[in-house]
Amino acid sequence: MATKHVRFEDPSTNVTMSTDVQLAPHVQDISDQDQDKLKTTNTECLMHLLKGMLGTGILAMPVAFKNGGIWLSITVVLVIGFICTHCMHLLVLSGNKLSDSIKSNKKQVDYASVMEAAILVKYEKWGNFARNMVNMFLIITQIGFCCVYAVFVAENVKQVVEHAGLVSLDIKIYIVMVSALLSPYVMIKSLKALVPFSSFANVLNFLGLTLVIVNLLQGLPGTTSIRPSVASFGTMPLFFGQAIFSFEGIGLILPLHGQMRDQSAFLGKAGVLNLGLTITISLYCAVGFYGYLKFGDDTRGSVTLNLPNDQWLYLSVKLMFAVAIFISYGLMLYVPVHIIWPFIKNKWYFIPDKVEYVLRFAFVLMICGLSALVPHLDLLISLIGAFASSFLALILPATIHLVTFKLNKLAIIKDVIIILLGLVGFVTGTYTSLAAIAKTF
């Protein structure tokens, strides 16, 4: 007879307990059917993947091409895209290999648990450190995304307000106002409650991106020779950081794979992952190429800031993206809260649950301060991409693959090259981004 792990809470003590209960055969069948209904189809998984990958990064691709040069950039983005897709495959394959040991410890198959299980195979003492390291980079990345989102919303709203002739204020004041509006919104704990907002944001993103591409294809120069094929060497690290930042959905890969009804359809040459990344990389290249070709040295940190300010159609695009990114802020903040709050509760169990609201508000205040300190979209994106995304998208997946499988020499060399590429990007990109940020003060 099958068993099911059940958790319940004693209302008199607020203590959560768990146990395994036996299920009758007919109950097991019903339970399996209910679980299957909660799984996603291939199309639903593809939509979630595209939503996770097509964020503010795609809007910053033109300025990335400006820092890399028009032809070098499109070549490197294709190469980075191929390598990042390969690393996502490595992460899923490693997760499949380690899933039994992870589930036996009643843990979810996510990025941190896969890293921990992989290290435990050979280096038992370092397993918890590996898990905490992944969580640290996830927290840094998500907080960085929130900083980018705050600056993005503030800059786009500022342009619309100034065009209307209402008032002219410093960008930092807009960041404070955006953060004030975000404070009550981030108090929503339930992801289910955020679903309607997220669906609305998806519609706005689709409409906005369509109108952006339409604008980019109008009034293009007659030749690409007016833009440098290769930019100066000094801006290359900025380009790397901005390009790798765009692959911001790496943390979603294992959860998306785990929620599929037919998990075998995720990988493979014609799988959901390859299809989603092919669409994503194609859009990155198109927006970056045509955006830089059209605007040249005037390219801003987000392509929306280059759209005409004298046409309400394109001003509405700025507002569409501002609202969509505002909504997505709550989802981005969910990850660090989901990691840190359980840690706090486990260490200081007597702290009341309402303190979580204080934590959420503290995050908003911290993000507001960081955003106001560096209100430059392109530099923020480059720093976050180089510092955190290099590890999450390149270094750690290759490391996990190295320690999980017995590989031949060619596979080992390939993984080591990916790790070295990530480390070089991490060092040079972080240094160059910090140096550029320092010059703004």
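**Exercise 1. The surroundings of helix H4**

Task: In this predicted model, determine which helices the buried residues of H4 pack against, and establish how many residues of H4 are buried.

Solution.
Step 1. The packing partners of the buried residues of H4 are helix H3 (56-59), helix H5 (70-104), helix H10 (236-245), helix H12 (272-295) and H15.
Step 2. The buried residues of H4 are Met61, Pro62, Val63, Ala64, Phe65, Asn67 and Gly68.
Step 3. Helix H4 covers residues 61-68, and seven of its eight residues are buried, so H4 is largely enclosed by the rest of the structure.
Step 4. Just after H4 comes Gly69, which has a positive phi of about 100°.

**Exercise 2. A salt-bridge network**

Task: Identify the residues that salt bridges with shared partners join to Lys189 in one network, and describe where each of them lies.

Solution.
Step 1. The search of the whole structure yields six salt bridges. In one of them, the side chains of Lys189 and Glu356 meet at 3.4 Å, N to O.
Step 2. This pair connects distant parts of the chain: Lys189 belongs to the loop between helix H8 (171-185) and helix H9 (191-216), whereas Glu356 belongs to helix H14, and the two are 167 residues apart.
Step 3. Glu356 also forms a salt bridge with Arg360, with the closest N and O atoms 3.1 Å apart. Because Arg360 and Glu356 are four residues apart in helix H14, about one helical turn separates them.
Step 4. Lys189, Glu356 and Arg360 are therefore joined into one network by salt bridges that share partners.
Step 5. Lys189 is partly exposed at 30% relative accessible area. Glu356 is buried at 9%, and Arg360 is buried at 3%.

**Exercise 3. A salt bridge within one helix**

Task: Find how far apart Glu162 and Lys158 are in helix H7, and decide whether each is buried or partly exposed.

Solution.
Step 1. The side chains of Glu162 and Lys158 meet in a salt bridge of 2.6 Å, N to O.
Step 2. Both residues lie in helix H7 (residues 127-163), four residues apart, so about one helical turn separates them.
Step 3. Buried means under 20% relative accessible area. Lys158, at 19%, is therefore buried, while Glu162, at 32%, is partly exposed.

**Exercise 4. Aromatic pairs**

Task: Classify the pair of Phe289 and Tyr290 and the pair of Phe387 and Phe426.

Solution.
Step 1. Eleven aromatic pairs are found in the whole structure. The pair of Phe289 and Tyr290 has 5.2 Å centre to centre and 85° between the planes, and is edge-to-face.
Step 2. Phe289 is buried at 11% relative accessibility, whereas Tyr290 is partly exposed at 30%.
Step 3. For Phe387 and Phe426, the ring centres are 5.6 Å apart and the planes stand at 40°, so this pair is tilted.
Step 4. The latter pair links helix H15 (residues 377-404), which holds Phe387, with helix H16 (residues 409-439), which holds Phe426; the two residues are 39 residues apart.
Step 5. Phe387 and Phe426 belong to one aromatic cluster with Phe137 and Phe391.

**Exercise 5. Surface and confidence**

Task: Name the residues of the nonpolar surface patch that includes Leu370, and state where pLDDT stays under 50.

Solution.
Step 1. The patch consists of Met366, Leu370, Leu373 and Phe441, which together have about 400 Å² of accessible area.
Step 2. Leu370 lies in helix H14 (residues 355-373) and is partly exposed, at 37% relative accessible area.
Step 3. The chain averages a pLDDT of 86, with 91% of the residues scoring at least 70. Over residues 4-32, pLDDT stays under 50.

Conventions:
Residues are numbered from 1 along each chain as its sequence is written. This is a predicted model: local features need pLDDT of at least 70, side-chain atom pairs count only at pLDDT 80 or more; totals for chains, interfaces and linings use all residues. Side-chain values use heavy atoms; hydrogens and water are left out. Patches are made of residues with over 30% relative accessible area and no salt bridge: like charges are joined within 9 Å, nonpolar side chains (Val, Leu, Ile, Met, Phe, Trp, Tyr) within 5 Å. Accessible areas come from the Shrake-Rupley method with a 1.4 Å probe; for residues, only the protein chains shown count as cover. A salt bridge is a side-chain nitrogen of Lys or Arg within 4 Å of a carboxyl oxygen of Asp or Glu. Buried means under 20% relative accessible area, exposed over 50%, partly exposed in between (1.4 Å probe, protein chains only). pLDDT is the predictor's confidence in each residue, from 0 to 100. Contact means heavy atoms within 4.5 Å. Rings of Phe, Tyr and Trp (its six-membered ring) pair if their centres lie within 6.5 Å; planes under 30 degrees apart count as stacked, over 60 as edge-to-face and the rest as tilted.
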